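Biologist: Please put the model on the screen, and I will ask about it piece by piece.

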Amino acid sequence: ATGLYLASSPPVDFAMKGRINAFLALDRAINAAELAQVRSWAGQQRGAVFSNAANILVVEGDSISRASRATLNRGWNQTLNLGPSALEYNLSLGGLTLATISSDNRSGGLYNAAKNNILVVFAGSNDIAVSGTTAANTHTLLSDFCTARRAQGFKIVVVTMLPREALFEATRQTFNGLIRSSWTTYADALADVETVPAIGADGAQSGANFDADTIHPNAAGHVLLRDLIKPKITGLM
């Protein structure tokens with residue numbers, strides 16, 4: 001945009017030194033609940049930062065947390081609706097592995113000692129299914145990364161691996177089993193997808209809650225993930 005017109009008396013017109021990606025106009029005053037919705041949308045969808053939030057929420061994961069294949073890119077974390085209580089950062093990227101997450105330290109750079117810092121780690125699928133990493137080595141990557149971020153001051157929510165091609169089911173079960181048996185040593189909460197069979201059971205990837213690729217949850221699947229993970233987050237806030 002080259003300029004912005006503001007309704008006023010007299011009218012005001014001034015130059016913009018940038019580009020407007022989104023513009024929201026409301027024709028009435030909004031209440032506190034509606035304001036929270038607007039702030040949540042601005043933060044999650046447009047990257048707006050509200051510095052008075054008491055909590056920082058960081059999500060690190062792969063294409064699932066990036067909302068690949070989800071309707072309008074509305075993944076589980078885009079519908080948490082935590083409002084002004086949390087600054088939310090989604091560092092997830094398609095194809096991301098725990099090996100990369102462990103080495104890039106992006107989440108570490110977001111830590112704020114003046115706030116309550118929560119980190120959700122939902123990864124490992126690409127390490128196992130794409131990189132061919134063993135369940136034990138993938139779990140070591142996960143536990144070492146979470147231990148380092150926890151030592152920094154983050155509260156950690158770890159999420160187990162969703163089902164995908166049958167070829168990887170035995171490895172997934174081993175990986176998830178390792179998480180279940182030891183998560184308390186490196187995390188503060190566990191969101192176990194297998195406690196929700198409609199999305200976490202072997203074979204669920206071919207059902208109504210997944211995209212046709214049998215890897216990525218669809219809109220309904222993301223609702224199930226949100227309802228599983230959100231209480232783990234709010235329990236640490």
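**Reading a predicted model**

Modeller: This is a predicted model. One place to start is L24, which sits in the loop between β2 (12-15) and α1 (32-46).

Biologist: Which residues form a nonpolar patch on the surface with L24, and what is their accessible area together?

Modeller: L24 has a relative accessible area of 46%, so L24 is partly exposed. A residue needs over 30% to be part of a patch. L24 is joined there by L26 and W41, and together they have an accessible area of about 290 Å².

Biologist: How far does helix α7 reach from its first C-alpha to its last?

Modeller: Helix α7 covers residues 219-234, which is 16 residues. At 1.5 Å a residue the expected reach is 22 Å, and the model comes close to this, at 22 Å.

Biologist: Which residue caps the N-terminal end of α7?

Modeller: Look for a side-chain oxygen beside the backbone nitrogen of A220. The two atoms lie 3.1 Å apart, and the oxygen belongs to N218.

Biologist: Which elements do the buried residues of α7 pack against?

Modeller: The buried residues are G221, H222, L225, L228, I229 and I233. An α-helix has 3.6 residues a turn, so residues three or four places apart point the same way. The buried residues of α7 pack against β3 (55-61), β5 (116-122), β6 (155-159), β7 (189-191) and α6 (197-200).

Biologist: Is R164 buried or exposed?

Modeller: R164 is in the loop between β6 and α5 (169-182). R164 touches S125, N126, A129, Q205, T214 and I215, leaving aside residues up to four places away in sequence. Its side chain also makes a polar contact of 2.8 Å with that of E165. The relative accessible area of R164 is 8%, and under 20% counts as buried, so R164 is buried.

Biologist: How many residues apart in sequence are the parts that D188 and R150 tie together?

Modeller: D188 and R150 form a salt bridge, with their closest N and O atoms 3.1 Å apart. D188 lies in the loop between α5 and β7, and R150 in helix α4 (residues 135-152), so the pair ties together parts whose separation in sequence is 38 residues.

Biologist: Which residues are linked in a network of salt bridges?

Modeller: The count of salt bridges comes to 8. One of them joins D104 and R106, with the closest N and O atoms 3.2 Å apart. D104 is partly exposed at 27% relative accessibility, and R106 is partly exposed at 28%. The network links E60, D104 and R106.

Conventions:
Residues are numbered from 1 along each chain as its sequence is written. This is a predicted model: local features need pLDDT of at least 70, side-chain atom pairs count only at pLDDT 80 or more; totals for chains, interfaces and linings use all residues. Side-chain values use heavy atoms; hydrogens and water are left out. Patches are made of residues with over 30% relative accessible area and no salt bridge: like charges are joined within 9 Å, nonpolar side chains (Val, Leu, Ile, Met, Phe, Trp, Tyr) within 5 Å. Accessible areas come from the Shrake-Rupley method with a 1.4 Å probe; for residues, only the protein chains shown count as cover. A salt bridge is a side-chain nitrogen of Lys or Arg within 4 Å of a carboxyl oxygen of Asp or Glu. Helices (H or I, at least four residues) and strands (E, at least two) are DSSP runs, numbered from the N terminus. Buried means under 20% relative accessible area, exposed over 50%, partly exposed in between (1.4 Å probe, protein chains only). The expected span of a helix is 1.5 Å times one less than its number of residues. Contact means heavy atoms within 4.5 Å. A polar contact is a pair of N or O atoms within 3.5 Å; within protein, one must be able to donate a hydrogen and the other to accept it, and residues adjacent in sequence count only if both atoms are side-chain atoms.
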